[in-house]
Amino acid sequence: MIPRREECLSLMSRYGMLENIVSHSLEVAKVALFISVELNKRGQTIDLGLVEAASLLHDLTKTECLKTKDDHAQTGSQQLKRMGYERVGEVVAQHIWLEKEGDPSCVCEEEIVNYADKRVMHDRIVPLEERFNDLKARYGRSQKAMDYLERLQKEIYGIENKIFFILQIDPNDIQRLL
Ligand SMILES: [Fe+2]
């Protein structure tokens with residue numbers, strides 16, 4: 001079961017998401033859908049409804065987690081699964097850190113939502129490097145946090161290479177093509 005766009009938008013408002021997190025999520029959905037449609041034209045079989053819902057809902061519990069300090073990927077995932085949105089919950093769980101072993105020739109919904117989130121800084125599409133510079137400035141307060149971000153960055157460059165090798169476009173052309 002996957003919620004339609006209208007259902008996602010009403011969930012987002014019911015959860016009292018901060019305005020800037022809503023704008024971010026709308027932009028992530030735009031990027032993720034664009035990539036998915038283009039990948040499907042080149043033989044991939046991405047579930048567009050799943051990508052849209054998971055993109056819109058990936059930060060569903062982030063606003064409350066700013067206070068509770070819980071991991072919003074996990075709490076968001078749990079709550080979505082409890083609503084019966086199992087697959088959406090699985091994708092949301094992996095929007096920060098991918099657990100799934102990537103298939104070299106096949107792109108999955110988890111990778112697309114994770115990647116699109118890294119390309120949108122606030123509500124602006126930026127290169128990965130710019131997004132990670134911002135993340136490091138905001139969250140890289142300790143060596144451990146920096147190492148974590150470095151690992152994350154390395155992983156996401158791998159995903160970018162895989163996606164754009166299939167698409168045969170420059171990752172930084174997305175903004176122009178959207
Ligand atoms: Fe998030």
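A residue is termed buried when its relative accessible area is under 20%. In the predicted model described here, Gln 94 meets this criterion, because its relative accessible area is 8%. Gln 94 is located in the loop that runs between helix H6 (86–93) and helix H7 (109–119). Apart from residues up to four places away in sequence, Gln 94 touches Glu 99, Lys 100, Glu 110 and Asn 114. With Glu 99 there is also a polar approach, in which the backbone nitrogen of Glu 99 lies 2.9 Å from a polar atom of the Gln 94 side chain.

The loop between H6 and H7 also contributes to an aromatic pair. Two aromatic pairs are found in a search of the whole structure. One of these is formed by Trp 97 and Tyr 148, whose rings are stacked, with 5.5 Å from centre to centre and 25° between the planes. Trp 97 belongs to the loop between H6 and H7, whereas Tyr 148 belongs to helix H9 (residues 143–167), so the pair ties together parts that are 51 residues apart in sequence. Trp 97 is partly exposed, with a relative accessible area of 28%, and Tyr 148 is likewise classed as partly exposed, at 33% relative accessibility.

Helix H9 itself comprises 25 residues. From its first C-alpha to its last, H9 reaches 36 Å, close to the 36 Å expected at 1.5 Å a residue. The buried residues of H9 include Ala 145, Leu 149, Leu 152, Gln 153, Ile 156 and Ile 159, and further along Glu 160, Lys 162, Ile 163, Phe 164, Ile 166 and Leu 167. Among the elements that cover these buried residues are helix H2 (19–41), H7, helix H8 (128–139) and helix H10 (174–177). Just after H9, Gln 168 adopts a positive phi of about 55°.

An iron ion is coordinated by three protein donors, namely Asp 59 (OD), His 72 (NE2) and His 95 (NE2), which lie 2.0 to 2.2 Å from the ion. Along the chain, the donors of the iron ion follow the spacing D-x12-H-x22-H. Asp 59 is placed in the loop between helix H3 (48–57) and helix H4 (62–68), and His 72 in helix H5 (residues 72–82), so this pair ties together parts that are 13 residues apart in sequence. Asp 59 and His 72 are both buried.

Helix H3 contains Leu 56. Leu 56 counts as buried because its relative accessibility is 0%. In space, the C-alpha atoms of Leu 56 and Ala 29 are 5.8 Å apart, although the two residues are 27 residues apart in sequence. Leaving aside neighbours within four places in sequence, Leu 56 is in contact with Arg 5, Cys 8, Leu 9, Met 12, Ser 25, Leu 26 and Ala 29.

The cysteines were also examined. The structure holds 0 disulfides. For Cys 65, which is in no disulfide, the nearest cysteine sulfur is that of Cys 8, at 18 Å. Cys 65 counts as buried, with 7% relative accessibility. Cys 106 is also in no disulfide, and the nearest cysteine sulfur to Cys 106, that of Cys 108, is 7.2 Å away. At 34% relative accessibility, Cys 106 is classed as partly exposed.

Conventions: Residues numbered from 1 in each chain as written. Predicted model: local features only at pLDDT ≥ 70, side-chain atom pairs only at ≥ 80, totals over all residues. Heavy atoms only, no water. Helix = DSSP H or I, 4+ residues; strand = E, 2+ residues; numbered from the N terminus. Buried < 20%, exposed > 50% of the residue type's maximum accessible area, 1.4 Å probe, protein only. Polar contact = N/O pair within 3.5 Å; in protein donor to acceptor, adjacent residues only side chain to side chain. Contact = heavy atoms within 4.5 Å. Phe/Tyr/Trp six-rings, centres within 6.5 Å; stacked < 30°, edge-to-face > 60°. Donors = N, O, S within 2.8 Å, 3.2 Å for Na, K, Ca; no water. Expected span 1.5 Å × (residues − 1). Disulfide = S-S within 2.5 Å.
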